[in-house]
Amino acid sequence: MSQDTTRIAAEAVARQMAYCDRMLALNEGRAVPPRALVDTYGCQQNEADSERLRGYLRAMGYDMTEREDEADVIVINTCAIREHAEDRVFGNIGALVHTKRRNPAQIICLCGCMAQEEHVAERIRGSFRHVDLVFGPHALWKFPELLWRVVSRRGRVFETTDEPGSIAEGIPLLRKEGVKAWVSIMYGCNNFCTYCIVPHVRGRERSRAPEIILDEVRALVGQGYRDITFLGQNVNSYGKDLGLAVDFADLLRMANEIPGEFLLRFMTSHPKDASQKLFETMASCEKAAPHFHLPVQAGNDRVLRAMNRSYTRQGYLDKVTALRAVIPDVVITSDVIVGFPGETAEEFEDTMTLIKQVRYDALFTFLYSPRKGTPAAEMEDPMPREEKMTHFQRLVDTQNEISAEKHQAYVGQTVRCLIDGKGEDARNNLTARTPGNRLVHLSGDAALIGTLQEIQITSASTWALFGEIR
């Protein structure tokens with residue numbers, strides 16, 4: 001796929017801003033300023049998409065609220081990765097019938113990955129009549145036009161056309177206040193792992209132009225953001241569609257040259273595209289955080305083939321070794337799926353031995369969740385759920401032990417950390433992050449948020465560190 005076929009013309013984006021102006025004129029005539037709520041589920045890419053939705057809504061004259069009963073427009077930005085997330089969304093959508101009954105003019109929108117699934121859109125159409133607007137990730141860029149259609153015609157609108165995807169620049173963003181920012185560098189996925197719905201709902205890989213990304217990073221640094229994360233379904237394949245001989249390692253190096261004091265992070269990576277060039281670039285770039293999220297998913301070669309992961313256990317381990325050779329103190333995190341269809345007890349043991357060999361700093365662990373429309377959902381799955389749950393708990397317990405040991409090794413060290421927010425415990429009213437993205441609880445003046453401080457680590461738990469400012 002080339003950039004010519006995926007880039008939305010500037011004139012088309014300008015038309016969306018014209019729809020924003022129409023909505024703004026309508027809203028300025030109201031006695032009470034209207035409010036909007038954007039409720040986000042799922043990954044950081046969804047968070048980044050919600051920033052664009054909020055940007056559009058602000059341009060249309062809406063103030064933001066966190067209360068459903070106050071909102072004139074509710075936008076639910078959904079995730080389709082696991083069944084549990086979908087069940088939560090359906091439950092929350094169902095509950096909104098009460099707010100709609102109290103405020104019949106309220107507009108309820110469903111968007112994101114779930115909305116792009118045909119069976120979900122049909123269920124909303126038939127069983128959730130109070131939902132006014134449904135649109136998938138491909139249509140996010142024309143949200144103002146879709147909302148205007150709902151407002152002007154008072155009819156339901158569904159925009160879930162299946163297409164490869166696109167890139168639209170110039171959409172306004174409304175980021176949450178703080179020191180962290182997400183920057184989407186690409187969209188979509190070409191890998192088609194057999195358990196994953198993402199390529200079916202987010203389209204093919206398409207990269208943003210490097211100069212646009214770098215301009216966005218410069219602006220963020222100028223606005224005071226100090227922790228910037230590059231986002232993509234597989235950032236390691238960035239640039240393959242651009243024809244510019246610029247890959248992800250090159251982009252990281254160019255961003256590292258931007259003046260200012262900030263950290264660069266990225267996620268997510270696919271192991272098959274994690275290159276020696278990227279490892280060495282990270283090692284040589286002082287702003288590249290020493291943290292690599294490298295999802296393994298399983299430790300058995302047959303299961304990896306069934307997942308269509310395109311690497312072997314040994315190939316994965318070789319990359320971990322190469323990464324640690326150039327960045328000895330790198331923090332490595334990963335994703336693991338337990339109970340993939342057909343996985344045997346013996347094959348699960350291969351995952352356990354891999355976990356013990358790599359010794360991740362942290363794991364995101366998931367019990368396999370079938371996704372309608374994926375090949376894995378049609379595979380035979382004879383293992384009882386109870387046995388899968390036993391395996392899952394063993395994996396969690398083992399990783400918790402490793403994480404606790406890894407965190408304990410920080411005690412006594414002094415680490416330069418970014419103080420990034422307020423804590424929930426009065427005894428530790430601030431939070432910070434190590435360069436490797438380990439959470440630190442500490443006490444101090446809230447004015448320190450956004451600054452880098454030398455913090456002595458005084459104690460540790462399985463999930464966090466505790467420290468004092470030196």
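# A barrel, a sheet and their pockets

Strands β15 and β16 run antiparallel and are joined by five bridges. One of the paired positions links L418 to R433 in β16. The model is predicted, and this report walks through its parts in turn.

## The barrel

β15 and β16 belong to a barrel closed by five strands. The order is β15-β16-β17-β19-β18, and the pairing is mixed. From one strand to the next, the twist averages 50°.

Follow the order from β16 to β17. β16 spans residues 428–433, and it pairs with β17 in the antiparallel sense over four bridges. R433 has L439 of β17 as its bridge partner. R433 is also the partner of L418. The chain turns between β16 and β17 in a hairpin, with five residues between the two strands. One residue of that turn, N437, has a positive phi of about 75°.

Next comes β19, residues 465–469. Here the sense is parallel, and two bridges join β19 to β17. H441 stands opposite F466 of β19.

Which residues of β17 lie on its covered face, and which on its uncovered one? V440 and L442 are on the covered face. L439 and H441 are on the uncovered face. Two of the bridge positions already named therefore sit on that uncovered side: L439, partner of R433, and H441, opposite F466.

The table sets out three strand pairs of the barrel.

| Strand pair | Sense | Bridges | A residue pair |
|---|---|---|---|
| β15 and β16 | antiparallel | five | L418 and R433 |
| β16 and β17 | antiparallel | four | R433 and L439 |
| β17 and β19 | parallel | two | H441 and F466 |

## The open sheet

A second set of strands forms an open sheet. Six strands take part, in the order β2-β1-β3-β4-β5-β6, and the pairing is parallel. β2 (63–64) and β6 (157–159) stand at the edges. Each has a single partner strand, so one side of each is left without a neighbour in the sheet.

For β6, the pairing with β5 is parallel and has three bridges. β5 covers residues 133–135. Its residue F135 has E159 of β6 as bridge partner.

Helices pack on this sheet. Helix α3, residues 44–59, touches β1, β2, β3, β4 and β5. The direction of α3 makes about 170° with that of β1. Helix α7, residues 143–153, touches β3, β4, β5 and β6. Its direction makes about 155° with that of β5.

## Pocket and cavities

α3 also has a part in the second largest pocket, which holds about 490 Å³ of space. Of its 18 lining residues, the closest to the centre are K176, E177, G178, K180 and W182. Which element gives the most to this lining? α3 does, with four residues. β7 (180–184) and β15 (414–425) each supply at least two residues as well. By class, the lining has nine charged, five polar and four nonpolar residues.

Enclosed spaces are also present. Three cavities of 30 Å³ or more turn up in a search of the whole structure. The largest cavity holds about 120 Å³. Its lining includes D49, R52, P137, H138, W141, Y187, R202 and R206. By class, this lining has six nonpolar, two polar and four charged residues.

## Two helix residues

L24 is found in helix α2, residues 10–28. Is L24 buried or partly exposed? Its relative accessible area is 26%, so L24 is partly exposed. Leaving out residues up to four places away in sequence, L24 touches A59, M60 and G61. Take M60: it is 36 residues from L24 in sequence, yet the two C-alpha atoms are 4.3 Å apart.

R101 has its place in helix α4, residues 83–102. Because its relative accessibility is 57%, and exposed means over 50%, R101 counts as exposed. R101 and H130 are 29 residues apart along the chain. Their C-alpha atoms are separated by 9.0 Å.

Definitions and conventions:
Residues numbered from 1 in each chain as written. Predicted model: local features only at pLDDT ≥ 70, side-chain atom pairs only at ≥ 80, totals over all residues. Heavy atoms only, no water. Buried < 20%, exposed > 50% of the residue type's maximum accessible area, 1.4 Å probe, protein only. Pairing = 2+ DSSP bridges. Contact = heavy atoms within 4.5 Å. Axes fitted to C-alpha atoms, helices over the stretch in contact; angles between N-to-C directions. 1 Å grid on protein atoms, 1.4 Å probe; cavity = no way out; pocket = protein on both sides within 12 Å on 5 of 7 lines; lining within 4 Å. Points joined across faces, edges and corners; volume = space filled by probe spheres on them. Nonpolar A, V, L, I, M, F, W, Y, C, P; charged D, E, K, R; others polar.
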